[in-house]
Amino acid sequence: MINLININMDFRGKQILYDINLKVEQGETMVIIGPSGSGKSTLLRLIIGLLKPTDGEIWVKGQEITGLSEDHLNKIRLNMGMVFQYSALFDSMTVGENVGFGLREHTDLSETEINKIVSRNLRMVGLSGRENVMPNELSGGMKKRVSLARAIAMKPQVMLYDEPTAGLDPIMSGAIDRLTNSTKRILGVTSVVVTHQMSSAFAIADRIAMIHGGRIIEVGTVAEIKQSENPLVQQFIHGLKSPNVSAKKRREVL
Amino acid sequence: MFVRNLESLGRKVLQSVENSGRITMLTLQVLYNLRGRLKARHVLQQMLHLGVDSLPIVLLTILFTGMVITLQTAHGFIKYGAQSRVGGAVAVSMLRELAPVLTGVVVAGRVGAAIAAEICSMKVTEQLDALRVMAVNPIQYLVVPRFLACSIMLPVLVIFADVIGTLGGYLVATLYAGISSFTYFNSIKLFADAYDVTGGLIKAVFFGGVIAIIGCYKGMTAEAGAEGVGRATTASVVSSIIIIFISNYFLSMLLYR
């Protein structure tokens, strides 16, 4: 479904991604983990075409997107949804208008039908009856859930999540993880999730890719990542001070 | 030291040239997107917010401008026995120059800053990215309605300004300078014509477009953070005012040769 081939990316004269190769199969949830500033969010933005790579190919649903114009990219984006790190809700619109935005812009559905879909999506994320609330009246967790309801309104085939649980308490993070899983179950979406919260990563991932210093250093299932012999992977997933901590010390930390 | 100053000057010149190029490209994109699907509701909302809400400050500014221009004109004209020309002189100045330019400046200060601040805050909160991700062209959705609203509403504001400026002049001419109503309005009829009005309105359309494009450009290219928003709004107002004054000269040359 998504294939990144030999992606290199420069930003303001500095190279931030080196020879990235990553394949995401249809229906799977690929979680990208890595330290802050490693290039995780940049990868998401490349996949949805907000950025163009310096070099390499990006294939989404069988189409190479790096050479496409914005108009052609928009046709592909109709099948994609994204949950932003800070939700990116349109603050001049109500919750209901946010969730129904894509439907009003791109479909000929009547207002009644749109309102039905908006109500259903808000019910799915546990925010029934909040159609007329303004985004600035919502908590961070609620904004995230509205953002998810908005992203799935057009029934996308690909979902991208940029740090969906950042800044949320553990209970709300768990709720977002469950929503991510139920979105996958109900809509059958292919998901790419960027996070540095390992509890979330393990809860939702089919496979995990770790990015470090702009390079993918490991890709595997949850079990494979947990058993990884790469010290950088172990340092990250256990939150250790240094990658050179012995296996015995790592066991003590757990 | 000299080389450093020269480099700094060179950098500023290159930046100005780059900005001019990007603003031109944005203008062309806006004009290109005019043929696309336009939402009348969005344009009307912007016309209300940017145009109608600017009416009170425009009326106040131009009223007092008309009054002070008449005060100064009357003093000099009466000295040389030319009081019968006061109305015409005030009206022509108002219609051709003062109403469109000062309305443009007032609206640039109010609306230009508001547009830049709004678009900038959308940029830093990733709302512009969210629009693109939802397959909506930010230029068509945000810039075009504001461009149309400003280009339509500024001439409307200038019409009100023409009337209130002339009336302000009338008040000072009759109540302070002792010129009769008949003399004042007859002078306007003799010296001002419809083309003075339409020329001012053509300028207003251009100025409205400038304010919208500059405001949107500065908002879209602002740096992150509170300082970035502040710089964007200031730059939007200053750049719009400079372009209004410079273009006003060339438009006057073209329209009133």
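**Exercise 1. Where the chains meet**

How many residues of chain A are in contact with how many residues of chain B? Work out, too, which helices of chain A supply the touching side.

*Solution.* Remember as you start that this is a predicted model. Contact here asks for C-beta atoms, placed from the backbone, within 7 Å. With that cut-off, 15 residues of chain A are in contact with 11 residues of chain B. Next, look for the helices: α2 (70-77) and α4 (101-106) of chain A each supply at least two residues of the side that touches chain B. Of the elements, α4(A) gives the most to that side, with four residues. Finally, sort the touching side of chain A by class: nine residues are nonpolar, three are polar and three are charged.

**Exercise 2. How confident is the predictor?**

Find the scores for the complex and for chain B, element by element.

*Solution.* Begin with the complex, to which the predictor gives an ipTM of 0.89 and a pTM of 0.88. Then turn to chain B: its mean pLDDT is 92, and 100% of its residues reach 70 or more. Among the elements of chain B, the lowest mean pLDDT, 89, belongs to helix α2 (residues 40-51), and the highest, 96, to helix α8 (residues 194-220).

**Exercise 3. Trace a sheet in chain A**

Put the strands of the six-stranded open sheet of chain A in order, and find the helix that packs on it.

*Solution.* Walking across the sheet, you meet β6-β7-β8-β3-β9-β10 of chain A, with mixed pairing. At the edges are β6 (80-83) and β10 (215-221) of chain A, each pairing on one side only. Neighbouring strands are turned by 15 degrees against each other on average, direction ignored. Now zoom in on β3 (residues 29-33) and β9 (residues 207-212) of chain A: they run parallel and are joined by four bridges. For instance, A:Val31 has A:Ile208 in β9(A) as its bridge partner. Last comes helix α7 (residues 170-187) of chain A, which packs on the sheet and touches β3, β7 (158-162) and β8 (190-194) of chain A. The direction of α7(A) makes about 160 degrees with that of β8(A).

**Exercise 4. A helix pair in chain B**

Describe how α3 (residues 55-79) and α4 (residues 86-124) of chain B cross.

*Solution.* Two packed helices are described by the angle and the distance between their axes. For α3(B) and α4(B), the axes come within 9 Å and cross at roughly 145 degrees. Their crossing is right-handed. Among the residues that meet are B:Ile57, B:Ile69 and B:Phe77 in α3(B), and B:Val86, B:Leu98 and B:Arg110 in α4(B). By class, the contact has 14 nonpolar residues, seven polar and one charged.

Key: Residues are numbered from 1 along each chain as its sequence is written. Chains are lettered from A and ligands numbered from 1 in the order in which they are written. This is a predicted model: local features need pLDDT of at least 70, side-chain atom pairs count only at pLDDT 80 or more; totals for chains, interfaces and linings use all residues. Two residues are in contact if their C-beta atoms, placed from the backbone, lie within 7 Å. Ala, Val, Leu, Ile, Met, Phe, Trp, Tyr, Cys and Pro count as nonpolar, Asp, Glu, Lys and Arg as charged, and the others, Gly among them, as polar. pLDDT is the predictor's confidence in each residue, from 0 to 100. Two strands pair if DSSP finds at least two bridges between them. Axes are lines fitted to C-alpha atoms, for helices over the stretch in contact, and angles run from 0 to 180 degrees between N-to-C directions. A crossing is left-handed if the near helix is turned anticlockwise from the far one by less than a right angle, and right-handed if clockwise.
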